[in-house]
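Dear colleague,

I am passing on the structure we spoke of, with the sequence alongside. Please have it open while you read, since the notes below refer to it throughout.

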Amino acid sequence: MRVLLIEDDAMIGANLARALEGVGWSVDWVKDGVLASSAWLDGDYSCVLLDLGLPRDDGIQVLRKARARGDATPVLILTARDSVEERIQGLDTGADDYLLKPFDFQEVLARMRAIMRRSHGAADSLIGTKEIQLDMGTREVIFHGRREQLTAREYALMYALLERPGAILSREQLENRIYGWGEEVISNAVDVLIHGMRRKLGNECISNVRGLGWRVRAL
Ligand code: CA
């Protein structure tokens with residue numbers, strides 16, 4: 001899973017990036033509003049963490065641009081305690097939730113999970129289809145009722161596929177969703193991951209669409 005971290009504070013940004021990577025996120029970190037907008041436009045993110053006070057464009061402007069072009073990526077605002085009006089403006093501009101600095105990292109994760117599952121219309125921590133689901137709370141996959149623990153990469157793979165069941169994702173799209181900027185990706189990394197998932201769950205858990213990519217059946 002890939003997150004866009006928009007934060008100009010070097011210490012907060014570095015700590016967040018390290019902590020997120022530690023739990024399996026691929027993190028693209030940008031430190032000003034203009035870079036943020038171009039990264040957001042190019043990337044395919046599961047979630048955006050948005051600081052409001054930023055150099056060049058501020059966070060509200062970045063958010064407004066994204067929402068104006070119809071981008072519905074879940075957004076969590078991270079902001080200082082004294083900026084009530086900014087927070088309200090952020091929510092009105094289309095942010096999904098906010099968190100006050102200083103924050104607890106576990107709460108950041110919990111709020112990210114909450115806004116991500118709401119974006120899938122799920123009331124609990126499960127996303128997916130009748131046949132196969134992902135438990136965002138425990139990082140398990142449930143296939144035909146059987147639960148299996150996933151590695152961070154496997155989880156990122158399944159999240160990408162289950163965000164839009166039935167949609168075909170190419171190798172490049174999957175790589176973008178699973179790996180962050182500057183991460184070395186071996187050429188058959190996606191195949192190795194899919195092979196591992198099939199060994200865990202059985203061949204039919206992910207289907208291959210010849211020449212196009214992979215998908216999970218929308219049931
Ligand atoms: Ca700031």
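What follows goes from the overall fold to the metal site, then to some buried residues and finally to the backbone.

Please keep in mind that this is a predicted model, and that the values quoted here were all computed from it.

**Overall fold**

The protein contains eight helices and 11 strands, and its C-alpha trace spans about 50 × 35 × 30 Å along the principal axes. Its radius of gyration is 17 Å, which agrees with the value near 17 Å that a compact globule of 219 residues would have. Buried residues account for 49% of the 219, and among the contacts with a sequence separation of 6 or more, 57% are between residues 24 or more positions apart. The accessible surface amounts to about 10,400 Å², with carbon and sulfur atoms contributing 49% of it. As for charge, there are 29 positive and 33 negative side chains, and the centres of these two sets are 6 Å apart.

**The calcium site**

Which protein atoms serve as donors to the calcium ion? They come from Asp8 (OD), Asp51 (OD) and Gly53 (O), at 2.2 to 2.3 Å from the ion, and along the chain they follow the spacing D-x42-D-x1-G. Asp8 sits in the loop between strand 1 (2-6) and helix 1 (10-22), whereas Asp51 belongs to strand 3, so the pair ties together parts of the chain that are 43 residues apart in sequence. The two aspartates also have their own accessibility classes: Asp8 is partly exposed, with a relative accessible area of 32%, while Asp51 counts as buried at 5%.

**Buried residues around strands 3 and 4**

Strand 3, which covers residues 47-51, also holds Cys47, and this cysteine is buried, with a relative accessibility of 0%. Leaving out neighbours within four places in sequence, Cys47 is in contact with Arg2, Val3, Leu4, Trp25, Thr73, Pro74, Met112, Ile115 and Met116. The C-alpha atom of Cys47 is 9.6 Å from that of Ala72, a residue 25 positions away along the chain.

Leu78 lies in strand 4 (residues 75-79) and is likewise buried, its relative accessible area being 1%. Its C-alpha atom is 5.8 Å from that of Leu50, although the two residues are 28 apart in sequence. With neighbours within four places again set aside, the contacts of Leu78 include Leu49, Leu50, Asp51 and Leu52, as well as Leu16, Leu99, Lys101 and Phe103; one of these, Asp51, is the calcium donor described above.

Trp40 is placed in helix 2 (residues 33-42) and counts as buried, at 2% relative accessibility. Beyond residues up to four places away in sequence, Trp40 touches a number of residues, among them Leu4, Ile6, Tyr45, Val48, Val62, Leu63, Ala66, Thr73 and Val75, and also Arg67, Arg69 and Asp71. Leu4 and Thr73 appear among the contacts of Cys47 and among those of Trp40. By contrast, Val192, which is 152 residues from Trp40 in sequence, is 28 Å from it, C-alpha to C-alpha.

**Backbone points to inspect**

Most residues other than glycine have a negative phi, and most peptide bonds are trans. Against that background, three places deserve a look.

The peptide bond that joins Lys101 and Pro102 is cis, with omega at about -5°, and Pro102 is located in the loop between strand 5 (97-100) and helix 5 (105-119). Lys101, as listed earlier, is one of the residues in contact with Leu78.

Arg56, which is not a glycine, has a positive phi, near 60°. Its position is in the loop between strand 3 and helix 3 (59-68), and at 58% relative accessibility Arg56 counts as exposed.

His144 also has a positive phi, of about 50°, without being a glycine. It is found in the loop between strand 8 (140-143) and strand 9 (146-149), and His144 is classed as exposed, with a relative accessibility of 53%.

With best regards

Key
Residues numbered from 1 in each chain as written. Predicted model: local features only at pLDDT ≥ 70, side-chain atom pairs only at ≥ 80, totals over all residues. Heavy atoms only, no water. Helix = DSSP H or I, 4+ residues; strand = E, 2+ residues; numbered from the N terminus. Rg over C-alpha atoms; globule rule 2.2 N^0.38 Å. Buried < 20%, exposed > 50% of the residue type's maximum accessible area, 1.4 Å probe, protein only. Contact = heavy atoms within 4.5 Å. Areas by Shrake-Rupley, 256 points an atom, 1.4 Å probe, with all protein chains shown as cover. Lys, Arg positive; Asp, Glu negative; His and termini not counted. Charge placed at Lys NZ, Arg CZ, Asp CG, Glu CD. Donors = N, O, S within 2.8 Å, 3.2 Å for Na, K, Ca; no water.
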